[in-house]
Amino acid sequence: MIRGAVMEKLHLEATQYTPEISLDPNGVIAFTGKSYPENTFDFYQPVMEWLDQYFGNELPERTVVNMEIIYFNSSSSKLFFDMFDMMEEAGSEHALEVNWIYDPENESAREAGEDFIEDFDKLTINLIEKG
Amino acid sequence: MSINPDEKLIMELEGLRERFNKTTDKIIRDINRQKKIMERSDKRQRQEYDEIQKRVAEVEALNREIEETQREVVFTMGAIGESRSKETGNHVKRVAEYSKLFALYYGVDPDQAELLKQASPMHDIGKVAIPDSILNKPGRLDDEELEVMRTHAQLGHEMLAYSTRPLLKLAATVALEHHEKWDGSGYPRGLKGKDIHIAGRITALADVFDALGSDRCYKKAWDDERIFALFREERGRHFDPDLIDIFFEHIDEFLEIREQLKDDY
């Protein structure tokens, strides 16, 4: 991808195995649903490329990342770690916040959020329990 | 000003050390993440599998409940029909067991044999629609009354035929065809031979065998020799000859069912 090119929105509809993904260059990024694709890294490749390009471009005032993942496999966890690495790096010079949203009944989603907070001390991750 | 070779070497080594440390940190971090991901994943798998086992057990319990309910409803419907036809006690249960045994020896697939076992007790359900004046009439029915009485086959079929469930569809067939005779002299359609559904042929024989061998308020049970003589006589007339052969070949098993499910008086 070409740095400095005009960013376009990227929207992926949810499937049985993948979440709805909405990437908006105005600074709103959202993942909603389940994530257990057959080949996680292939599936997320365009997303990671979009993010790479987004953070390489001129950024809006702030970026909000809303993640509401109700079910995910272990390679998705790994991928989220990689993605947060990228965000942590960008976040050092940019106002970026991650909202990790989970249902109170969903213990593994909450624990994953706690793991991310523990691992990324320079990234703002808010745990948000759904009411 | 030139840098001396030692200083250059030191600078290069420091650069290498810095990159090495960075890479090492990253590898250590990744190993720790991987470990965490594995632990979380193992924990979740355990929970998920526990949950699946719990749910499967629930579904199995529900299935058993449904099957038992179905069995009870079927026997109750059978008993309702039989209560109208002056049959008593374990008649419907014996007919059910005989029917299954006939079906298995005839070569019907075991699932279908089980289904017939459950369907055959409903063969007389149409009698609920026959007026008491005819049903309970002492003595012989006149032609007109007989005509009404015989509508129970068609009526039973109509009661059950609305269903798409295999069990009730089979019961509808049994209700319609259990008074057909092998030689075509039965009713309501006068079907002949193998045009009569195997379920109808089997239930006809099972029902007659049990009715003749049981005491009723209006008659004594026939003794076995008399029943066997009738069966030999009606082989290929009233009854499917193959079923009669099966009966005599496995007579011990039929008599054992009768013994186990005999009525207590």
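**Reading cores, helices and a sheet**

Biologist: I am new to this structure. Which residues does Met122(B) touch, leaving aside those up to four places away in sequence?

Modeller: Welcome! This is a predicted model. Met122(B) touches Val74(B), Met77(B), Gly78(B), Gly81(B), Leu160(B), Ala171(B), Val174(B) and Ala175(B), with residues up to four places away in sequence not counted.

Biologist: How many residues does the largest nonpolar core have?

Modeller: That core has 41 residues. Phe102(B), Met122(B), Ala171(B), Ala175(B) and Ile202(B) have the most contacts inside it. Several helices of chain B supply at least two residues each, among them H1 (5-84), H2 (91-106), H5 (143-160) and H7 (198-213). There is also a second, separate core of 28 residues, which includes Leu23(A), Tyr44(A), Tyr102(A) and Ala109(A).

Biologist: Now to helix packing. What describes two packed helices?

Modeller: Two numbers do the job: the angle between the axes and the distance between the axes. Take H2(B) and H9(B), which pack at an angle of about 105° with their axes 10 Å apart. Angles of 65 to 115 degrees count as roughly perpendicular, so H2(B) and H9(B) are roughly perpendicular to each other.

Biologist: Which residues meet where H2(B) packs against H9(B)?

Modeller: From H2(B) come Phe102(B), Tyr105(B) and Tyr106(B), and they meet Asp242(B), Leu243(B) and Ile246(B) of H9(B). Sorted by class, this contact has 5 nonpolar residues, no polar ones and 1 charged residue.

Biologist: Let us turn to chain A. In what order do the strands of its open sheet run?

Modeller: The 6 strands follow the order S1-S2-S3-S4-S5-S6, and their pairing is mixed. At the edges are S1 (10-12) and S6 (124-129) of chain A, each pairing on one side only. From one strand to the next, the twist averages 15°.

Biologist: Do S5(A) and S6(A) pair in the parallel or the antiparallel sense, and over how many bridges?

Modeller: Their pairing is parallel, over 6 bridges. As a place to look, Ile101(A) stands opposite Ile128(A) in S6(A). Helix H2 (residues 74-91) of chain A packs on the sheet and touches S3, S4 and S5 of chain A. The direction of this helix makes about 155° with that of S5(A).

Biologist: Finally, how many residues of each chain are in contact with the other chain?

Modeller: On chain A there are 9, in contact with 7 residues of chain B. H2(A) and H3(A) each supply at least two residues of chain A's side, and the largest share, 5 residues, comes from H3(A). By class, that side has 2 nonpolar, 3 polar and 4 charged residues.

Methods. Residues are numbered from 1 along each chain as its sequence is written. Chains are lettered from A and ligands numbered from 1 in the order in which they are written. This is a predicted model: local features need pLDDT of at least 70, side-chain atom pairs count only at pLDDT 80 or more; totals for chains, interfaces and linings use all residues. A nonpolar core is a set of buried Ala, Val, Leu, Ile, Met, Phe, Trp, Tyr and Cys residues joined through C-beta atoms within 7 Å. A residue is buried if 20 or more other C-beta atoms lie within 10 Å of its own, exposed if 12 or fewer, and partly exposed in between; C-beta atoms are placed from the backbone. Helices (H or I, at least four residues) and strands (E, at least two) are DSSP runs, numbered from the N terminus. Two residues are in contact if their C-beta atoms, placed from the backbone, lie within 7 Å. Axes are lines fitted to C-alpha atoms, for helices over the stretch in contact, and angles run from 0 to 180 degrees between N-to-C directions. Angles under 35 degrees count as roughly parallel, over 145 as roughly antiparallel, 65 to 115 as roughly perpendicular and the rest as oblique. Ala, Val, Leu, Ile, Met, Phe, Trp, Tyr, Cys and Pro count as nonpolar, Asp, Glu, Lys and Arg as charged, and the others, Gly among them, as polar. Two strands pair if DSSP finds at least two bridges between them.
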